[in-house]
Amino acid sequence: MRIALYQPDIAGNVGTILRLGACMGAGVDLIEPMGFAFGDRAMVRAGMDYAGQAEVVRHADWDAFMAQLSGRLVLLTTRAATSLPAARFEADDVLLFGSESAGVPDAVHDRADLRISIPMRAGFRSLNVAVSAAMALGEALRQTQGWPE
């Protein structure tokens, strides 16, 4: 199971997700360009000393990421017909999250093998990307018996 971030904008969110990946044993793919320098102070602060233990792969762009993709590409998006509780995960899924400011372009959206939304109360638009990543990864690990020992 992996988490992929498409052109992330906020260093603190990336640090939090690196910490999540390290603690849960999920690799993290960073698809550049990013809206900050890798190693940004906010990223380091949010990741604490855990971020250095995360398995991180940086990709120069979308094409470089796609060239090494194995497993299904599962996009978390507000434009999905399948809700998180209805989704069925596989152990080699790559959970893709868009940038905080723009999400993903249509071509990336269309490439996803599965598109999932996290249900929430009416009138609310979206969750923080790190919160969304934790919720989706938790459900995916539960379904695939992938929780760390």
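# A guided tour of a predicted fold

Visitor: Which class, buried, partly exposed or exposed, does Arg142 fall into?

Guide: Arg142 has a relative accessible area of 48%. Keep in mind that this is a predicted model. Buried means under 20% and exposed means over 50%, with partly exposed in between. Because its value is 48%, Arg142 is partly exposed.

Visitor: Which residue forms a salt bridge with Arg142?

Guide: Let's look along helix α5, where the two partners sit 3 residues apart, so about one helical turn separates them. The partner is buried, at 16% relative accessible area. The closest N and O atoms of the pair are 2.7 Å apart, and the partner of Arg142 is Glu139.

Visitor: How many of the residues in α5 are buried?

Guide: Helix α5 has 15 residues and reaches 21 Å from its first C-alpha to its last, close to the 21 Å expected at 1.5 Å a residue. Its buried residues include Val129, Ala133, Leu137 and Leu141. The helix is mostly covered, and the number buried, out of 15, is 11.

Visitor: In what order do the strands of the sheet lie?

Guide: Strands of a sheet pair through backbone hydrogen bonds, either parallel or antiparallel. Here the sheet is open, has 7 strands and pairs in the parallel sense, in the order β3-β2-β1-β6-β4-β7-β5.  The strands that pair on one side only are the ones at the edges, β3 and β5. Reading across once more, the order is β3-β2-β1-β6-β4-β7-β5.

Visitor: Which strands are joined to β6 by bridges?

Guide: On one side, β6 pairs in the parallel sense with β1 (residues 2-6) over 4 bridges, and Ile3 stands opposite Leu95 there. The pairing with β4 (residues 73-76) is parallel too and has 4 bridges. In that pairing Leu75 has Leu96 as its bridge partner, while Leu76 stands opposite Phe97. The strands you asked for are β1 and β4.

Visitor: Which residues on the two sides of β6 are buried?

Guide: In a regular strand the side chains alternate between the two faces of the sheet. Strand β6 (residues 94-97) is covered on both faces. One side holds Val94 and Leu96, and the other holds Leu95 and Phe97.

Visitor: Which residue of β1 forms a salt bridge with Asp29?

Guide: Side chains of opposite charge can pair when their charged atoms come close. Asp29 comes to 2.7 Å, closest N to closest O, from Arg2. The pair links distant parts of the chain, with Asp29 in strand β2 (residues 27-31) and its partner in strand β1, 27 residues apart. Asp29 is buried at 1% relative accessible area, and buried at 17% is its partner, Arg2.

Visitor: What residue does Glu32 pair with in a salt bridge?

Guide: The closest N and O atoms are 2.7 Å apart between Glu32 and Arg58. Glu32 lies in the loop between β2 and α2 (41-47) and its partner lies in strand β3 (residues 56-59), so the pair ties together parts that are 26 residues apart in sequence. Glu32 counts as buried at 18%, and partly exposed at 43% is its partner, Arg58.

Visitor: How many salt bridges are there in total?

Guide: We have met several pairs along the way, including Asp29 with Arg2 and Glu32 with Arg58. The count for the structure comes to 8.

Visitor: What volume does the largest pocket have?

Guide: Rolling a probe the size of a water molecule over the atoms shows where empty space is left. The lining of the largest pocket has 25 residues, and Leu76, Thr77, Thr78, Gly103 and Ser126 lie nearest its centre. Elements β4, β7 (114-117) and α5 each supply at least two of the lining residues. The space in this pocket comes to about 640 Å³.

Visitor: How many lining residues of the largest pocket are polar?

Guide: The lining has 10 nonpolar and 3 charged residues. That leaves the polar class, with a count of 12.

Visitor: Which residue just after α1 takes a positive phi?

Guide: Helix α1 (residues 11-24) has 14 residues and reaches 20 Å from its first C-alpha to its last. Among its buried residues are Val14, Ile17 and Leu18. Just after the helix, a phi of about 75° belongs to Gly25.

Note on methods
Residues numbered from 1 in each chain as written. Predicted model: local features only at pLDDT ≥ 70, side-chain atom pairs only at ≥ 80, totals over all residues. Heavy atoms only, no water. Buried < 20%, exposed > 50% of the residue type's maximum accessible area, 1.4 Å probe, protein only. Pairing = 2+ DSSP bridges. 1 Å grid on protein atoms, 1.4 Å probe; cavity = no way out; pocket = protein on both sides within 12 Å on 5 of 7 lines; lining within 4 Å. Points joined across faces, edges and corners; volume = space filled by probe spheres on them. Nonpolar A, V, L, I, M, F, W, Y, C, P; charged D, E, K, R; others polar. Expected span 1.5 Å × (residues − 1). Salt bridge = Lys/Arg side-chain N within 4 Å of Asp/Glu carboxyl O.
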